[in-house]
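Trainee: Please take one part of this model and look at it closely. I would like to hear about salt bridges, and how the side chains in them sit relative to the surface.

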Amino acid sequence: MPSIELKILDARLRDWGLPRYQTAMAAAIDLLACLDAPVEIAPGSAPVLISSGIAIHIGDPGLAAVVLPRSGLGHKQGLVLGNLVGLIDADYTGPIMVSAWNRNAAGTPPIRLSPGDRFAQLAFVPIVRPDFAVVDEFTAPSGRGAGGFGSTGR
């Protein structure tokens, strides 16, 4: 199992609970909203940048982390990430910030996040970094070829 260094940037996490896997088979740790006061995110407003209160150092080019929305908040309340998914490179050691956005229709209530709420998740994924062979033509045909959007039917 790889070891990832975790730096606590917001001391309140020691009281709220450090980021952790919520079940024995969970794929990601939940991130907590390190806010000074509750935040309301109105539908259609600009994304809000929220601190997770942590920094990590992966230190292994074969690993990265992805920041994802929590499925319940996304489906039930409409909270998604402003950039859809965040990528944390193995050599990034700064604070993990999350861009949160309310995707709901205009006129619906705002989404309210309070200090300490679990609002996003962080999963670690393997990374493959291939060498590139520059070619004028590909060495073998493929069944699909250059067919793009919709080329395989509905």
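Mentor: Start with the cut-offs. Buried means under 20% relative accessible area, exposed means over 50%, and partly exposed covers what lies in between. The distance limit is 4 Å, from a side-chain nitrogen of Lys or Arg to a carboxyl oxygen of Asp or Glu. Keep in mind that this is a predicted model. Now apply the cut-offs.

Take Arg 112. Its relative accessible area is 48%, so it is partly exposed, as 48% is neither under 20% nor over 50%. Its partner is Glu 40, and the two side chains form a salt bridge with an N to O distance of 3.6 Å. The pair joins distant parts of the chain, 72 residues apart. Glu 40 belongs to strand β3 (residues 39-41), while Arg 112 belongs to strand β9 (residues 111-113). Glu 40 has a relative accessible area of 51%, so it counts as exposed. The two partners therefore fall in separate classes, with Glu 40 exposed and Arg 112 partly exposed.

In total, the structure has four salt bridges. Another one joins Asp 30 to Arg 70, with 3.6 Å between the closest N and O atoms. Asp 30 sits in strand β2 (residues 29-32), and Arg 70 sits in the loop between β5 (63-69) and α2 (71-77), so this contact ties together parts that are 40 residues apart in sequence. Asp 30 is buried, because its relative accessibility is 6%. Arg 70 is partly exposed at 22%. Here, then, a buried acid meets a partly exposed base. This pair also belongs to a network of salt bridges that links Asp 30, Arg 70 and Arg 118.

Next comes Arg 12 with Asp 10. Their closest N and O atoms are 2.7 Å apart, and they form a salt bridge. Arg 12 has a relative accessible area of 25%, so it is partly exposed. Asp 10 is at 15%, so it counts as buried.

For contrast, consider Asp 15. This residue lies in helix α1 (residues 13-16). Its relative accessible area is 71%, so it is exposed. Asp 15 and Pro 109 are 94 residues apart in sequence, and their C-alpha atoms are 30 Å apart in space.

Now put the bridges in context. Four strands make an open antiparallel sheet, ordered β1-β4-β8-β6. β1 (5-8) and β6 (79-81) are its edges; each has a single partner strand, so one side of each has no neighbour in the sheet. From one strand to the next, the twist averages 40°. β1 pairs with strand β4 (residues 48-57) through four bridges, in the antiparallel sense. Within that pairing, Lys 7 faces Ala 55 in β4.

One last feature is the largest pocket, which holds about 280 Å³ of space. Its lining has 10 nonpolar residues, one charged residue and no polar ones. Among the lining residues are Met 1, Leu 6, Arg 20, Tyr 21, Ile 29, Leu 63 and Phe 124.

To recap the acids: Asp 30 is buried at 6%, Asp 10 is buried at 15%, and Glu 40 is exposed at 51%. As for the bases, Arg 70 is partly exposed at 22%, Arg 12 is partly exposed at 25%, and Arg 112 is partly exposed at 48%.

Key
Residues numbered from 1 in each chain as written. Predicted model: local features only at pLDDT ≥ 70, side-chain atom pairs only at ≥ 80, totals over all residues. Heavy atoms only, no water. Buried < 20%, exposed > 50% of the residue type's maximum accessible area, 1.4 Å probe, protein only. Helix = DSSP H or I, 4+ residues; strand = E, 2+ residues; numbered from the N terminus. 1 Å grid on protein atoms, 1.4 Å probe; cavity = no way out; pocket = protein on both sides within 12 Å on 5 of 7 lines; lining within 4 Å. Points joined across faces, edges and corners; volume = space filled by probe spheres on them. Nonpolar A, V, L, I, M, F, W, Y, C, P; charged D, E, K, R; others polar. Pairing = 2+ DSSP bridges. Axes fitted to C-alpha atoms, helices over the stretch in contact; angles between N-to-C directions.
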